[in-house]
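Hi everyone, thanks for making time for this. I'd like to walk you through one protein chain, starting with the whole and then stopping at a few residues. Please have a look at it with me.

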Amino acid sequence: MTGDSLRERSKARRREAILTAAYELFAERGFDATSIADIAEAAEVSPRTVTLYFPTKLELAMEHFNVFVDRLAAALHARPAGQGILDTVEQWLREQGGSRDAFDELYDRMLQSNPQLKGLCRGRLTDVVQDGARLLAEERGWHPDAFAPRILAATVASVIGELTHRSEPGDLETAMTFIRAAAATLRPGRPDAGDTRT
């Protein structure tokens, strides 16, 4: 193994230690009551090391979720030719459901203890799903600002939020049936108005 590989692995382990320490403290004490110094002590690194990896405490708190939604955005834009947006979302959700681990459980516990962070996550997810709504509008020949793709995007964001934090076997199938049924009832917006509320 080369020196570069060893350094990269060491950096990855240190980053993981910082994230784990932070999320454990956020879950136990709360986000506001936890300092960078507390996180550094728990991770056995210096406060400067923490801020080199994560410049702010909020960036640290949001890191796991940002990686999660970045994967969704990448999946939407890299979908195979001919694969629909809703099929892509379903495939991505299935992949996420099969890859949950102890760190995901810790992250969920941290969010449950910090409602303000849950709100930020919902907003970030909505932004990504709204981008997917524009792709859906293109796919179906709808106006990009039409009400139909916007309301469908809001529904999909809510469903993803529920499925990724707490779900039982069969919930994904139920959710996708609901989303597809909702999509089937929507009419395209008028290109000149971009809305269906008339």
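Let's begin with a question: what percentage of the 198 residues in the protein chain do buried residues make up? The answer is 38%. Please keep in mind that we are looking at a predicted model, so every value today is computed.

Now the overall layout. The chain has nine helices and zero strands. If you start at the N terminus and read along, the elements go α-α-α-α-α-α-α-α-α. The accessible surface is about 11000 Å², and carbon and sulfur atoms account for 52% of that. What about contacts along the sequence? Take the contacts between residues at least 6 apart in sequence: 68% of them join residues at least 24 apart.

Next, the charged side chains. How many salt bridges does a search of the whole structure find? It finds eight, and I'll show you some of them.

Start with R15 and E63. These two form a salt bridge, and their closest N and O atoms are 2.3 Å apart. The bridge links distant parts of the chain, since R15 belongs to helix α1 and E63 to helix α4, which covers residues 57–77, and the two are 48 residues apart. Is each partner buried or exposed, or something in between? R15 has 30% relative accessibility, so it counts as partly exposed. E63 is at 19%, and because buried means under 20%, E63 counts as buried.

A second pair is D38 with R29. Here the closest N and O atoms of the salt bridge are 3.2 Å apart. D38 is partly exposed, with a relative accessible area of 22%, and R29 is partly exposed too, at 48%.

The third pair is R94 and E173, whose side chains meet in a salt bridge at 3.0 Å, N to O. This pair also links distant parts of the chain: R94 is in helix α5 (residues 85–97), E173 is in helix α9 (residues 171–185), and 79 residues separate them. R94 is partly exposed at 42% relative accessibility, and E173 is partly exposed with 38%. Which residues share a network with them? Salt bridges link D87, E90, R94, E173 and R180 in a network.

While we are in helix α5, find T88, which is also in that helix. T88 is buried, because its relative accessible area is 4% and the cut-off for buried is under 20%. What surrounds T88, if we leave aside its neighbours within four places in sequence? T88 is in contact with A75, L76, R79 and Q83.

Let's go back to helix α1, which spans residues 3–29 and contains R13. R13 is part of a positive surface patch, together with R9, K11 and R14.

Two of those patch residues come up again when we turn to Y53 in helix α3. Leaving aside residues within four places in sequence, Y53 is in contact with K11, R14, R15 and I18. So R15, which we met in the salt bridge with E63, is one of the contacts of Y53. Y53 is partly exposed, at 23% relative accessibility. Its C-alpha atom is 9.8 Å from that of L19, although Y53 and L19 are 34 residues apart along the chain.

Another residue to find is R124, in helix α7, which runs over residues 115–140. Which residues does R124 touch, not counting residues up to four places away in sequence? They are M62, F65, N66, V69 and D70. Between the C-alpha atoms of R124 and D70 the separation is 10.0 Å, with their positions 54 residues apart along the chain. R124 counts as partly exposed, at 26% relative accessibility.

My last stop is a loop. E44 sits between α2 (36–43) and α3 (47–53). Most residues other than glycine have a negative phi. E44 is not a glycine, yet its phi is positive, at about 60°. Is E44 buried or exposed? With 73% relative accessibility, E44 counts as exposed.

That's my tour, and I'm happy to go back to any residue you'd like to see again.

Definitions and conventions: Residues numbered from 1 in each chain as written. Predicted model: local features only at pLDDT ≥ 70, side-chain atom pairs only at ≥ 80, totals over all residues. Heavy atoms only, no water. Patch = residues over 30% accessible without salt bridge, like charges linked within 9 Å, V, L, I, M, F, W, Y side chains within 5 Å. Areas by Shrake-Rupley, 256 points an atom, 1.4 Å probe, with all protein chains shown as cover. Salt bridge = Lys/Arg side-chain N within 4 Å of Asp/Glu carboxyl O. Lys, Arg positive; Asp, Glu negative; His and termini not counted. Charge placed at Lys NZ, Arg CZ, Asp CG, Glu CD. Helix = DSSP H or I, 4+ residues; strand = E, 2+ residues; numbered from the N terminus. Buried < 20%, exposed > 50% of the residue type's maximum accessible area, 1.4 Å probe, protein only. Contact = heavy atoms within 4.5 Å.
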